[in-house]
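Let's take a walk through this model together. Have the sequence and the structure side by side as you read.

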Amino acid sequence: PVEIDAQDVVRVVLQWARESGLDATAVALAREARVSLNAPAGGRAALLADTRRGRWDAVLPAVATLELPRSTLEALYELVALEMAEAREADTAKALLRQTAVMAEMRQAHPEKHARLERIVTGPYFDAREAYGAGGRESRREAVAALLGKEAADVPPGRLLALLGQALKWQQNIGQVPLAGGRFDLLAGKAAKGEGGGAAAARGERPCVAPARRTRVGSKKSHSECVAVSADGAFLVAGTSDGFIEVLDVATGKMRTDLQFQADDAFMMHDDSVLCVAFSRDSELLASGSLDGVIKVWRVRTGQLLRIFTAAHAGSTNSVMFSRDNSHVLSAGSDGLVRVHGLKSGRMIKEMRGHDGSVVRAVYGADMSRVYSGARDGSIKVWDAKTG
């Protein structure tokens, strides 16, 4: 039989708690169980890439959630302090040396090393060779990245839900779980009881929008901002300037009243103009982005709101695209950023910086290993989808 370490079970639950935004719960569980996940929130690859690029505003918060040897922390904080001094951020460098617990321990254990750092940081000019050594700054970054790489775990996102899904599929195969789709009561170990109102009610799904007055794309007060057709050809969707998302008949372009939520004059909608819409590969989900930077993910057949990212971008959300497995949404915004958002965690899990102006579109490559983005200034960038 396969043996599972009890601490690994705790780590899986810790990951779920962190991805669900239950940070206090994760801290309490880790403390009580005396188990550390040691997996950075954005992933190990992103942490190492940020370290090699010197993105300390991203590295330090990520490292704060990990249990690392004192020598690794000292090497990291020493490098950050030196780079702050080189950038003429002397006050920040001094604060790192004098006010952090890591450097306080260095001062006690290695007073000569700490005094040398003080001299470099407070000196009248910065000598890069003296500070970084013969290899220079890039070599020091690489060394720190190697130290972090030995300690940080590389954990695939959403492990708890993935494991539960695999277990349910196995139970379906051996006849312990009904093969019919629908909502499953995980705690009771059986199909959930329906509440009336047909299949959608049995799944516990209701349109997550307030009933609204019917507003058509062709009205004088609104116009269509974007359209998308599902891969199976069943749905045509239009996003409008007044925030409505309308599901239309592909052949006639008329409102589809066979969808109950639209027949009841309740629509998928945003508070601002809908600038982009995109279907998932299986045509079940719809992502939409609006002028106020919000991204929403819907179940098309029911109008159910599954996930909302209220601050996906500081400006407008200009494009959205699902990953192949529907676990992430890729977006581009007028704030010059390309971002990846996790549907299970409800958080932004990766950010790609480099454009100077508004990013008009971002798409995954055919094998999902690359992200391609185009900006309003005419520039096009190619990104590694894993590291950003």
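**From one leucine to two cores and a sheet**

A good place to start in this predicted model is Leu76: setting aside neighbours within four places in sequence, Leu76 is in contact with Trp56, Val59, Leu60, Val63 and Val144. Away from the largest nonpolar core there is another one, made of 15 residues, including Ile245, Val277, Phe279 and Trp298.

Now for the largest nonpolar core itself. Which residues have the most contacts inside it? They are Leu47, Trp56, Val63, Leu76, Tyr77 and Met103, in a core of 32 residues. At least two residues of this core come from each of α3 (44-53), α4 (56-63), α5 (70-86), α6 (90-99), α7 (101-109), α8 (111-122), α9 (128-132) and α10 (136-151). The biggest contribution is that of α5, which gives 10 residues.

Let's move on to the strands. An open sheet is formed by four strands, and its order is β7-β8-β9-β10, with antiparallel pairing. Why is one side of β7 and of β10 left without a neighbour in the sheet? Both β7 (274-279) and β10 (304-309) stand at the edges and have a single partner strand each, so one side of each stays without a neighbour there. On average, neighbouring strands of the sheet are turned by 20° against each other, with direction ignored.

To finish, look at how β10 is held to its partner. Strand β9 (residues 295-299) is joined to β10 by five bridges, and the two run antiparallel. One residue pair to find on screen is Arg299 with Gln304, its bridge partner in β10.

How values were computed
Residues are numbered from 1 along each chain as its sequence is written. This is a predicted model: local features need pLDDT of at least 70, side-chain atom pairs count only at pLDDT 80 or more; totals for chains, interfaces and linings use all residues. Side-chain values use heavy atoms; hydrogens and water are left out. A nonpolar core is a set of buried Ala, Val, Leu, Ile, Met, Phe, Trp, Tyr and Cys residues joined through side-chain atoms within 4.5 Å. Buried means under 20% relative accessible area, exposed over 50%, partly exposed in between (1.4 Å probe, protein chains only). Contact means heavy atoms within 4.5 Å. Two strands pair if DSSP finds at least two bridges between them. Axes are lines fitted to C-alpha atoms, for helices over the stretch in contact, and angles run from 0 to 180 degrees between N-to-C directions.
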